Amino acid sequence: MNHLEPASQSRQQQIFTVTRLNSAVRMILEQDLGLVWLTGELSNLAMPSSGHWYFSLKDMSAQVRCAMFKGNNRRVPFRPQDGMQVLVQARVSLYEPRGDYQLIIESMQPAGDGMLALRFEELKRRLGAEGLFDEGRKRPLPREPRAVGLVTSATGAALHDMLTVLRRRAPDLPVFIYPTQVQGSAATAQIVSAIMLANRRAEVDVLIVGRGGGSLEDLWCFNEEAVARAIAGSAIPVVSAVGHEVDVTISDFAADLRAPTPSAAAELVAPDRSTRAQRLVHLRQRLTQAMSRHQVAARHGFVLLQKRLDHQDPKRRLEQQSQRLDELDRRLQQHLRDRLHQGERRLAGLAMRLQARSPEKRLAIGKRRHQLAEERLHALIAKRQDLARHRLAMLGARLDGISPLATLGRGYAIVRTPSGEVIRRASQVNAGQTLITTLAEGALRVRVDEVDNC
């Protein structure tokens, strides 16, 4: 029973949660790959209100998701757009909540000169890793050279400047010129051939390889691997003198000594009348090299410390959480829109059902029915009234036809005794009797003087 427990514990130790696995993969990617340079086309660029940028970087056959946080994208000197070719420096990472592989962009520049800069950095890194630029393999320049060789253009201003300095500082110093192109596609092979020719002839103690200033593209032949290897493999000490003081080429790293300009190179190789001045120049050059090495070492140490800090820095988690917040905000907005649309559709359905069963509608129908019934009732009442009036008129006419008042109105009178008996025959009255005669208007009390019974 006991011999099974270690195996069970070992299996349990290999069980990862998804969160732990994603975190471990992210650490591996960031530690092993570090910063990388790559170029591609921008697509699906999104700039939410948080200030961060999210996009894809693609080429003909692949793409990768990228995030550039606002602390870095503020330094981008142009406005990126979909379809734009760019060169970026990024660190490979993993977006842990989704388990998506992505790039965290540190810097961005348009493609073009950026491609040359990328090639420059890649070649510098590769040749440096081979030890081609190690200070231990570089040789000191001869203090009193017997002859100086110049590998440069026969028609350039750099040749004129170097000859002027050499004549001023050491008029008796022999100078051998190895003419070559210093620009264009054929320049690389010619420079390599000139260096090899100088080594075969072995007629000089030091070589100056260089030209005047120009753009990065103009100086590119001095950034070619073949030229760097020819300089590093030269048996004759080489001084690199390419461009102006701010220009730096691969040849500068491969040469035994870098001069800021062609004129300065001539100053360095030509012995001066003052030994002390020569020594000061030499010490200054050594100090510059020592400072450069110290700066490179310090920069390297800083990069290592920065990487260690990045792995433990809350900024990394803050970036992850910020990206997660943007994603949740997009999902929330979409969810709210969906719920709103569902509510609107449901409300419209209920409104239609309510309208179909609306008390107001039914009340309107009832009112209409009541109105129609009321109109019919009024019409029936009016008809009944008309019939009653007509009948009343007929009855009134018939009544008028038999009414004594109508007879009286035609001049007749009603004769009564004071007791109210109606006199119809003369035999009912005696002479001297008082009678009451009723007319259409008013009555008369009369006395009978004479009675005629005929």
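The overall dimensions of the protein are described below, followed by its strand barrel and the helix that crosses the barrel strands.

The model is predicted. In it, the protein contains 13 helices and 13 strands. The radius of gyration is 61 Å, whereas a compact globule of 454 residues would have a value near 22 Å. The C-alpha trace extends over about 205 × 85 × 40 Å along the principal axes. Of the 454 residues, 31% count as buried. The exposed surface of the protein amounts to about 29700 Å², of which 55% is supplied by carbon and sulfur atoms. When contacts between residues at least 6 apart in sequence are considered, 62% of them join residues at least 24 apart.

A barrel is closed by 5 strands, arranged in the order 1-2-3-5-4 and with mixed pairing. From one strand to the next, the twist averages 55°. Strands of a sheet pair through backbone hydrogen bonds, in either a parallel or an antiparallel sense. For strand 1 (residues 35–46) and strand 4 (residues 85–95), the sense is antiparallel, and the pairing comprises 7 bridges. Leucine 35 has arginine 91 of strand 4 as its bridge partner.

Helix 11, formed by residues 314–356, lies across strand 2 (53–58), strand 3 (63–68), strand 4 and strand 5 (100–110). Relative to strand 4, helix 11 runs at about 95°. Strand 4 thus appears both in the antiparallel pairing with strand 1 and among the strands that helix 11 lies across.

Terms used. Residues are numbered from 1 along each chain as its sequence is written. This is a predicted model: local features need pLDDT of at least 70, side-chain atom pairs count only at pLDDT 80 or more; totals for chains, interfaces and linings use all residues. Side-chain values use heavy atoms; hydrogens and water are left out. Two strands pair if DSSP finds at least two bridges between them. Helices (H or I, at least four residues) and strands (E, at least two) are DSSP runs, numbered from the N terminus. Axes are lines fitted to C-alpha atoms, for helices over the stretch in contact, and angles run from 0 to 180 degrees between N-to-C directions. Contact means heavy atoms within 4.5 Å. The radius of gyration is taken over C-alpha atoms; the globule rule is 2.2 Å times the number of residues to the power 0.38. Buried means under 20% relative accessible area, exposed over 50%, partly exposed in between (1.4 Å probe, protein chains only). Accessible areas come from the Shrake-Rupley method with a 1.4 Å probe; for residues, only the protein chains shown count as cover.
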